[in-house]
Amino acid sequence: MNFSKIKENALKYLGYHHQTLDEKLNNLIDECIEEIEKMSSFRATYRKFPLSFHPLRIDEISLNLNYPELNDLFQNCHELIIIGCTLGLQVEKRSHYYSHIDMTKATIFDAVASSFLEVKCNEYEDEQLIGKRTFRFCPGYGRVPIELNKELAFIIESSKKIGLTVQESNILLPQKSMIGLIGLGDNRKEKTCQNCLHIKDCNFRKRGQTCYAKD
Amino acid sequence: MLRKRLNKDLLIFDGGFGSQLQELGMKAGEIPEYYNIEHPETIIDIHHRYLKAGADFITTNTFGANPLKLEQHKYSYQEVILAAIQNAKEAKKIKPDAYIALDIGPIGKLMEPMGTLTFDEVYQSVKQMVELVKEDIDVVLFETMTDIYELKASILAVKECSDLPIFATMTFETNGRSLSGCDPLTMVNVLEGLKVDALGINCSLGPNEMAPIIESILESTSFPVMIQPNAGLPLLEDGQTVYPMKADEFIDAIVPLVKKGIAIVGGCCGTTPEFIQKLKENCPATVTQREVSLLTRVSSGTTTVEFGKHVVVCGERLNPTGKKKLKVALKEERYDELVVEAIKQEQAGAHVLDVNVGLPGIDEPKVMKHVIKLLQEVIQLPLQIDSSNFHAIEEACRYYNGKPLINSVNGKDETMEAVFPVVKKYGGVVIGLALDENGIPPKAEQRFEIAKKIINKAKEYGIDKKDIIIDCLVLTASAQQKEVMETVKAVSMVKTLGVHTVLGVSNVSFGLPNRPLLNKTFLAMAMSAGLDLPIINPLDQELMNTIDAFNVLYNYDRDATNYIQKQAQSQVVLPKQTTSFSLNDVVLHGLKDEVKKATETALKSQDGLAIVNEILIPALDQIGKDYETGKIFLPQLIQSAEASKIAFDVIKQTFKTTKSSKGPVLIATVHGDIHDIGKNIVKVVLESYGYQVIDLGKDVPAKVVLEAYHKHHPKAIGLSALMTTTVVSMEETITLLKQEENMCPIFVGGAVLTEDIAQDIHADYYTKDAMAAVNLLNEIVH
């Protein structure tokens, strides 16, 4: 596990930008990383399908993917991975627990858990997917509707296989979970802020950062 | 009759269904349950294959055919289930004595409090399925369940609409827990309480990985045990799930387990008719009989406490009797204080927590149900439902996630007749008070007689004595000194009946000085006489130490492991350092541990209001400014806010009038949304500025916000949503609120909101973060 990456991301999510990081907060972050490593049960699953174009879709499962960002990202890909992963319910429960007794820790715990999931998922992808691939695109960004999550979760049987469920409102539960699409056959890993809702008012951008990792 | 054969004849179930369907042409993304209607011949063919292989059961192809999952689908759940039953009946023609099992899998959504699916929704869903076909099936099979709470609601649904046998199996991961955190012992305890006909484990693991779990289940229950392993631990190869075991390997692994006492065996994912045929050929025809000792156990949804292995500490602090602060919190519906109190007791080492919400003028059944749900979200410990209101006990038992302790019945027939049916129905361990119509008898022998009466009466209801704990009742040494020893004597007498005992220890010292001394002395005497469950304040370190010491001396704490560990820890705790930080510094640096003392020190030289205006507000303004300019970041802001909130609470106690806060302000995460970290941050920061915040929680329906508006008359309402999809509920909430004349200002925030969206949905203000909310309220709330 890349702990320094987890810490770096978590700090970024918390809005850290060269402020003084006192020992107490520093320890609290380390403590959260340690706790999450112990109590999380990272699970992931994926399926691979051939892509067809104009319009972009997966014929085998009659899945429409004809959205501008996906057309652009997957234009040179031949296959698509639908991936789901989660840190499990215990992390979620612990987060609620801290919300009752220590909001400082609850906030840090939440940011560390997000970062932990991100790093774990990247590591998993690196193990499983060899060759050229795009970055992971998650529905809900740009013009790709978040409603797509339900279909994707159904296809990879995420509820049965890894305990990742999608609520009526399309929220993923446990909250520290992810469903995404990865194209195979092209190496595009650069994300952009272009279609983000917050492009005009983004705190990360104001600090010269992005909410995603830049390679 | 099926029930009569259980635990006698070894019964064979069928194997994997999805894998068979795939072999016969089903593609990814297809809904297997549609095959009942669109390809009935395929389904009947699979049933035939398993029946010919030797299966005694036909599992209907209805795993996901629940009303909630099939809502807005091509076929209704009724069409799917009726077709599935028709197919099963058709298949049965080749083996008329086969049993039809209505297969029900998990709904596939998370239940409250983590998710939004309610207990009643699960109940209704299952009830609708069973009602539809109950005349045509022999058994209801719940399988691959991960949440014991969902399973409880499901079982109650079947029991309340039929007399059908129920088989219930859960699925566990390699770490020995289900995805929701339930362990096998907890599953056994809760399902025994609910009186299913068979219980066990299926899916996720192969027979080898399941072996230790199966063995622990066989050791802990006398109920028929059912297993359906996968064909080995599934592997993901290039996006395809594969099951590595061949039929012969599967048989080699499973037959020794079956011979240990399994009553029903079949296969799950990856197993085929070949596996079932070999099972039939290689397993014995009858069930190996087992000796199982029956233990007293209580469970939460994830944890089980066993009696007789150590003294079990019940935390007494969730009870308003004699606690002014808790009374006020209950009256003002500030249930968060109860949750915090529960967490403190859990941290202090309690094993079970007593929950009592009885107050005059309170709707006890309603409040009890609400509090139980809140507590089980964060507390791992089993709860003790404490009420003299029978209806409150029943509500709590129904909605409790686990097998509770129930406090209490007594020797009065009327009480036993009201409570025992509830204990019997939901499963629970009940406390029996050794008193009756004539009150508490003075002599131990008389209390012993009442205990016997309670145990015998329970037996008439089918409640085993392992599920009874007798309270021999503590009298106060100040008023009834000579009877204190009668209690101790009664404890040893009652133990001869083979039941455990409980006492509310601190009653003994009422009215005398230095109560802790009397409490711990009496506790030691009572434990020595056989007290198993002292109800005490676990925050009283002396009492907890006495119990730790007793556990060593009584040979419960083997090698004094626990004792040594705790004592070693307590020795290294240094006295708290005192700093010379001023209150201003303490708040600026967010030193939560020191703020109480610093505030008290400041109060010696200044009055409360002056401290607020001259120290706290300027410190907070400084913090707010530093946050906005990026000098400090979020956790530092929250740390200071939490410190300041503690300071406010200390100062508030010095004010003569209660109206010392600003507000109130209502806040809520809207319906359908369960993200609440942002809302919680806003709450703590607002509170740090002295605002009284009424937090309605998450997933709050619009009408609940409206009701709260009428009840609390807030100065402003803050709504939070994190998803584009839940902004719709936010808009609905605002629309409903704005139908009221003179509605207070509504401010909104959350990750997907912007100034524009806030305007579109007719919110009055958009606040981008917690500081923005403070700045806004400082302007608009007077």
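Helices here are DSSP runs of H or I with at least four residues, numbered from the N terminus, and with that in hand I looked up Ala211(B), which sits in helix 9 (residues 207-220) of chain B. I keep in mind throughout that this is a predicted model.

**Entry 1, Ala211(B).** I asked whether Ala211(B) is buried, exposed or in between. A residue counts as buried with 20 or more other C-beta atoms within 10 Å of its own and as exposed with 12 or fewer, and Ala211(B), with 18 C-beta neighbours inside 10 Å, therefore counts as partly exposed. I also noted that its C-alpha atom is separated by 9.6 Å from that of Pro256(B), a residue 45 positions away along the chain.

**Entry 2, confidence and overall form of chain B.** Before reading further I checked the scores: chain B averages a pLDDT of 93, with 98% of the residues at 70 or above, and the predictor gives the complex an ipTM of 0.88 and a pTM of 0.91. I find 30 helices and 25 strands in chain B. The radius of gyration of chain B is 30 Å, close to the 28 Å that the globule rule gives for 782 residues, so chain B is as compact as a globular protein of that length. Along its principal axes the C-alpha trace spans about 90 × 75 × 50 Å, and 53% of the 782 residues count as buried. Of the contacts in chain B with a separation of 6 or more, 75% join residues 24 or more positions apart.

**Entry 3, domains.** The assignment divides chain B into domain 1 (2-282), domain 2 (305-572), domain 3 (574-657) and domain 4 (661-782). I noted 41 Å between the C-alpha centres of domain 2 and domain 4 of chain B.

**Entry 4, a sheet in chain B.** I traced an open sheet of five strands in chain B, paired in parallel in the order 22-21-23-24-25. Strand 22 (691-695) and strand 25 (765-766) stand at the edges with a single partner strand each, so one side of each has no neighbour in the sheet. Strand 21 (residues 662-669) and strand 23 (residues 716-720) of chain B pair in the parallel sense over five bridges, and within this pairing Ala668(B) has Leu719(B) as its bridge partner. Strand 21 also holds Pro664(B), and the peptide bond leading to Pro664(B) from Gly663(B) is cis, with omega near 5°.

**Entry 5, chain A.** Strand 4 (residues 79-86) and strand 7 of chain A run antiparallel and are joined by eight bridges, with Ile83(A) bridged to Gly180(A). Strand 7 (residues 177-184) is mostly covered, since six of its eight residues are buried. I found a cis peptide bond here too, from His54(A) to Pro55(A), with omega near -5°; Pro55(A) lies in the loop between strand 1 and strand 2 (57-58) of chain A.

**Entry 6, the interface.** I counted 45 residues of chain A in contact with 48 residues of chain B. Which element of chain A gives the largest share of the side that touches chain B? Helix 4 does, with nine residues. By class, this side of chain A has 17 nonpolar, 19 polar and nine charged residues.

**Entry 7, positive phi.** Asp238(B), not a glycine, has a phi near 50° and lies in the loop between strand 8 (235-237) and strand 9 (240-242) of chain B; with 10 other C-beta atoms within 10 Å, Asp238(B) is exposed. Glu333(B) has a positive phi of about 60° in the loop between helix 12 (324-331) and helix 13 (336-348) of chain B, and with 15 such atoms within 10 Å, Glu333(B) is partly exposed.

Methods:
Residues numbered from 1 in each chain as written. Chains lettered and ligands numbered in written order. Predicted model: local features only at pLDDT ≥ 70, side-chain atom pairs only at ≥ 80, totals over all residues. Contact = placed C-beta atoms within 7 Å. Helix = DSSP H or I, 4+ residues; strand = E, 2+ residues; numbered from the N terminus. Nonpolar A, V, L, I, M, F, W, Y, C, P; charged D, E, K, R; others polar. Rg over C-alpha atoms; globule rule 2.2 N^0.38 Å. Domains from an automatic or database assignment. pLDDT = per-residue confidence, 0-100. Pairing = 2+ DSSP bridges.
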